[in-house]
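Hello,

Here is the structure I promised to pass on to you. Have a look at it first, and then read on for what turned up in it.

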Amino acid sequence: MAVLSRLLFPARATAAAASISPSSTSILNSIRTAFFSSSSTTNLQSPSSPEENSLHLRRTGAERNVQWVFLGCPGVGKGTYAARLSKLLGVPHIATGDLVRHELASRGPLSEKLSEIVNKGKLVSDEFIIKLLSKRLEAGEAKGESGFILDGFPRTIKQAEILEGVTDIDLVINLKLREEALIAKCLGRRICSQCGGNYNIACIDIKSENGLPGMYMAPLLPPSSCESKLTTRPDDTEEVVKHRLHVYNEMSRPVEIFYQNRGKLLEFDLPGGIPESWPKLLRALHLDDHEDKKTVAA
């Protein structure tokens, strides 16, 4: 079993550390390929200067790629921005939610139990998630992948500690969005049953009130070829969405503190939809001059 799976069990960790198999060593080496430096947590809500509020990407050769994590409440847009950065930087985007949905679709021995957990808005166990992630990293290593952007992992302190013992995470990007917009986004999510594309039919238009700025987020509509094939995730109901947000607040926010204490957390308040947020995120990551940014942002 891969490194991530072994490190899930503390009783086995000491013995495993003394003797790592060649296969596991290869996986470990393949994900120790990058670093991203930051002296402190940056909050983009109150910017001062580009030098103070930007984290600088340091590439030391063709073999080095970023190792980033996206945090944020369910529905905040982790997958959208992680996928764009994945294309921009040429590293794989690994979404644990996609890994879970793939397992559900496989109708394997665990799919029925997993379906019950997901539909109730509960978190999948550490052991199961780590098995899926370990399997994905092994497959990527076999294809020569280098670096990664994780989306949806870690969600708990235990998972963060396991990941910390396996690899050096360079940067943790914490996306933030007000709750009313989060709920509307989750209820508007749609998936094309044929191509797997992700879309959102919600048009969010929040007026400025009580000192808070207004916010507009246009819908992300599907092409005509997908319109008749849209499906809704079974867990995207208002009751389940609110429960997921509660679970996130209880279990996952301590992960933010975990990375903040290590000087790796970048907090990014989404000012609106993709047209408003994407350029500002690139600027925060010191990627605004990247030659491919216009193609990816289109």
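**What surrounds N200**

Leaving out neighbours within four places in sequence, N200 has contacts with K185, G188, R189, P219, L220 and L221. Please keep in mind that this is a predicted model.

N200 sits in strand β9 and counts as buried, with a relative accessibility of 12%. Its side chain has polar partners in the backbone. A polar atom of the N200 side chain lies 2.8 Å from the backbone oxygen of K185, and a polar atom of that side chain is 3.0 Å from the backbone nitrogen of A202.

**The helix next door**

K185 also leads us to helix α10, which covers residues 179-188. Buried in this helix are A181, L182, I183, K185, C186 and G188. What do the buried residues of α10 pack against? Their partners are the strands β8 (189-192), β9 (198-200), β10 (204-206) and β11 (215-217), together with helix α11 (238-251). So that you can place N200 in this picture: β9 is the strand that holds N200.

**A cysteine without a bond**

You may wonder how many disulfides the structure holds. The count is zero. C192, for one, is in no disulfide: the nearest cysteine sulfur belongs to C195 and is 3.6 Å away, whereas a disulfide needs the two sulfur atoms within 2.5 Å. C192 is also buried, at a relative accessible area of 2%.

**Another buried asparagine**

N65 is worth a look too. Where is N65 found? This residue is in the loop between β3 (56-57) and β4 (67-71). N65 counts as buried, with 9% relative accessibility, and its side chain reaches the backbone oxygen of S146 at 3.2 Å.

**The chain as a whole**

To finish, here is the wider view. The chain has 298 residues, and 47% of them count as buried. Its secondary structure consists of 14 helices and 13 strands. Among the contacts with a separation of 6 or more, 73% are made by residues 24 or more positions apart. About 15,200 Å² of the chain is exposed, and carbon and sulfur atoms supply 51% of that area.

If you open the model yourself, N200 and its contact with the backbone oxygen of K185 make a good place to begin.

Best wishes

How values were computed:
Residues numbered from 1 in each chain as written. Predicted model: local features only at pLDDT ≥ 70, side-chain atom pairs only at ≥ 80, totals over all residues. Heavy atoms only, no water. Helix = DSSP H or I, 4+ residues; strand = E, 2+ residues; numbered from the N terminus. Buried < 20%, exposed > 50% of the residue type's maximum accessible area, 1.4 Å probe, protein only. Contact = heavy atoms within 4.5 Å. Areas by Shrake-Rupley, 256 points an atom, 1.4 Å probe, with all protein chains shown as cover. Polar contact = N/O pair within 3.5 Å; in protein donor to acceptor, adjacent residues only side chain to side chain.
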